[in-house]
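Reader: I am new to this structure and would like to be taken through it step by step. Could you show it to me before we begin?

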Amino acid sequence: MKDLITSSIRDYFEARHADAGLFEGENPLSIQLDNPRDRSHGDLACNVAMASSKKLGMPPRALAEELVTWCNEKMEGRATAEVAGPGFINFRLAADEVHAALASILKLGADYGRSDAGGGEKINLEFVSANPTGPAVVVSARAAAFGSTLARLLEFSGHAVTSEYFLNDAGGQVRTLGASLLARWKETQGEPLVIPENGYHGLYLKEMAESLRAEQVEPWLALSDSEAVEAFARHAIHNLVGQVRVQMDAFRTPFDVWFSEKSLHDTGKLEDALAYLEEKQLTYEKDGAVWFKTSDYGDEKDRVVLKSDGVAAYLLADVAYALDKFGRGFDKAIYVLGPDHHSHAARLKAVAEAIGAGKDWLEVILLQWVTLVENGETVAMSKRAGEFVTMEDLVNDVGVDVARTYFLTRRAESHLDFDLGLAREQSSKSPIFYAQYATARIAGVLRKAEEGGLAAAADADLSLLSAPEELALIRELERFPELIAASAKAREPNRLFQFLNEVATLFHRFYHEHQIVSEDAAQSTARLALCRATRQVLGNGLDLMGVSAPERM
RNA sequence: GCGCCCAUAGCUCAGCUGGAUAGAGCGCAUGCCUCCGGAGCAUGAGGUCGCAGGUUCGAAUCCUGCUGGGCGUACCA
């Protein structure tokens, strides 16, 4: 339908104003159709008359009048146009068009909303990637909810997505972790507890140490100090990564690839990366270290890739990892980073350019902090000090549906206050309940209809749906595919949440105004069809969010 | 100092990549179930969109400069 309107408008300009060259040059005119905020302005609104009036030397309203006449003829009653305000052209779809949209929702079912907007673009989406030096914390839960939903949105809108988790299972922090566990082990053996400098104080290591068996540890202790620390570290990492995997799974956040940083070290990829940079003459030596000229690509200063002690700096792993990803043929790599890593954005961009992928190949999304709030008090967290609410605690406390939704209500850039008290309440105050309540309510109505023998009637006469509340609901449902595509393109899953709430609002209003199951079988059947379509859209949307659509609550 | 992010109703936040009278939830006030789920619906009060300029037919949205807050600014990862 949109295509018909757009082509009608374009035809007009080509027939009457071809010499103005509106569609050429550096600022070609694009014909936009928006959903007006105010429904009394029709179904679709267009601003071309205002946008082009200056170039054509015509007053916007006069131009709009001509366009309206032209379009009304072209569209043959499938939609009607009228001029409004300063020169908007408002289009109203014929009822048949609206009903056809409803029929199409019912026909497509679980695939309704799917599109090929992404054109099969191959995207690597990396998210969470938290250091496996302790249990996953709340920021990871936010990243998980955000990333997994974005992955599903991208997939649904026609992209080929690989969800990836990068494990920092190498480097100094891992050794520190091993040393901390070793200290905890010694504690279980009656020795005084001496946690190393900058070590990890969390009780999870105490518990882990207590679950170690003596015969397991003996061979480790027989090794040199350094190798012993390494052995404890390996155990700790293995254990913690296992926990993270289980939690991500329980949080409905599947990953296609768990990428080990250590594997880059073990397979010589770091040396390859360094050789690559050297070959491209992007490195130099200074103060005994090897530097990478990231400032050539917009970073504020150069960075060390090989430390003066000969050990690779983390950035080299970034280069090796980016080379690996690029080599796997992705058209785009999205990095979802935590707020503590935002200084990395510039140098990651530099890496992308240096390896010849181009700076648009690598996209950084920065998630902001989550502050847990309870009774107006901020709940403090620090991984090293061992005070934190883990992701597991959070999920046990409020449930997966509530936790996921809470994170999906906000844009990535906004700091998020997570109110534990509110989330725990399981009431209408909780953000997800409104939409879920709608699905449960619909399920209730459908059960009722089934008891009355109405369920089987598939050939509903949709033209019986003509009340304002009915049409408004259908038109909102019709926006779903477009919303999905836009939400994926903007990397803003929160729009999906907003949309589902809008659908729920319109459904509740419709429900309140109209008796669905009544004496009038034809009318009932039509309204039941609308209920099914609404449930389908809510269900598809909630599914993308990784949230359940309950039959009863 | 420099860099990134944020600033919208009493509170928490949306605002669809420049559109018409800036919205929702919570809280507050008032109505609506003999009827399919009242965990719902409707109405009302509440705004200098941080401040000042600029671009535009048109700005909460884009640009510049301020103010205030968060984070970062390692040969840590």
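Author: This is a predicted model, and a good place to begin is Gly87, which has a relative accessibility of 0% and therefore counts as buried.

Reader: In which loop is Gly87 found, and which residues does Gly87 touch beyond its neighbours in sequence?

Author: Gly87 belongs to the loop that runs between strand 3 (79-84) and strand 4 (88-93). When residues up to four places away in sequence are not counted, the residues that Gly87 touches are Cys46, Ala49, Met50, Arg61 and Ala64.

Reader: How are the domains of chain A laid out, and what separates the centres of domain 1 and domain 2?

Author: Chain A is divided into domain 1 (2-93), domain 2 (127-257 + 368-430) and domain 3 (432-545). As a pair of residues to set beside this, Gly87 and Ser163 are 76 residues apart along the chain, and their C-alpha atoms are separated by 46 Å. For domain 1 and domain 2 themselves, the distance between the C-alpha centres is 54 Å.

Reader: Is Glu126 buried or exposed?

Author: Glu126 is found in strand 5, which covers residues 122-126. Leaving out residues up to four places away in sequence, Glu126 touches Glu164, Phe166, Tyr321, Lys325, Ile334, Tyr335 and Val336. Its relative accessible area is 7%, and since buried means under 20%, Glu126 is buried.

Reader: How do helix 5 and helix 15 run with respect to each other, parallel or perpendicular?

Author: Helix 5 (residues 138-156) and helix 15 (residues 400-408) have axes that come within 9 Å of each other and cross at roughly 80 degrees. Because of that angle, helix 5 is roughly perpendicular to helix 15.

Reader: Which residues make the contact between these two helices, and how do they divide by class?

Author: From helix 5 the contact takes Val138, Ala141, Arg142, Ala144, Ala145, Phe146, Ser148, Thr149 and Arg152, and from helix 15 it takes Arg404, Phe407 and Leu408. Sorted by class, the contact of helix 5 with helix 15 has seven nonpolar, two polar and three charged residues.

Reader: How many residues of helix 18 are buried, and which helices do those buried residues pack against?

Author: Helix 18 (residues 468-478) is mostly covered, with eight of its eleven residues buried. The buried ones are Glu470, Leu471, Ala472, Leu473, Ile474, Arg475, Glu476 and Leu477. The helices that the buried residues of helix 18 pack against are helix 4 (95-108), helix 19 (480-489), helix 20 and helix 21.

Reader: Why do helix 20 and helix 21 count as roughly antiparallel?

Author: Two packed helices are described by the angle between their axes and the distance between the axes. For helix 20 (residues 494-513) and helix 21 (residues 521-545) the axes are 10 Å apart and the angle is about 160 degrees. Angles over 145 degrees count as roughly antiparallel, and helix 20 and helix 21 are therefore roughly antiparallel to each other.

Reader: What is the handedness of the crossing of helix 20 with helix 21, and which classes of residue make up their contact?

Author: Helix 20 passes helix 21 in a left-handed crossing. On the side of helix 20 the meeting residues include Leu496, Phe497 and Phe499, and on the side of helix 21 they include Arg527, Leu530 and Cys531. By class, the residues of the contact of helix 20 with helix 21 are 15 nonpolar, two polar and one charged.

Reader: With which residues is Asn494 in contact?

Author: Asn494 is found in helix 20, and with a relative accessibility of 9% this residue counts as buried. Neighbours within four places in sequence aside, Asn494 is in contact with Leu408, Thr409, Arg410 and Arg411.

Reader: What is the phi of Asn198, and what is that of Asp287?

Author: Most residues other than glycine have a negative phi, and most peptide bonds are trans. Asn198 lies in the loop between helix 6 (172-188) and helix 7 (203-210), and Asn198 is exposed, with a relative accessible area of 55%. Asp287, in the loop between strand 8 (283-286) and strand 9 (289-292), is exposed as well, with a relative accessible area of 66%. Neither residue is a glycine, yet phi is positive in both: for Asn198 about 60 degrees, and for Asp287 near 55 degrees.

Definitions and conventions
Residues numbered from 1 in each chain as written. Chains lettered and ligands numbered in written order. Predicted model: local features only at pLDDT ≥ 70, side-chain atom pairs only at ≥ 80, totals over all residues. Heavy atoms only, no water. Domains from an automatic or database assignment. Axes fitted to C-alpha atoms, helices over the stretch in contact; angles between N-to-C directions. Helix = DSSP H or I, 4+ residues; strand = E, 2+ residues; numbered from the N terminus. Parallel < 35°, antiparallel > 145°, perpendicular 65-115°, else oblique. Left-handed = near helix turned anticlockwise from the far one by under 90°. Contact = heavy atoms within 4.5 Å. Nonpolar A, V, L, I, M, F, W, Y, C, P; charged D, E, K, R; others polar. Buried < 20%, exposed > 50% of the residue type's maximum accessible area, 1.4 Å probe, protein only.
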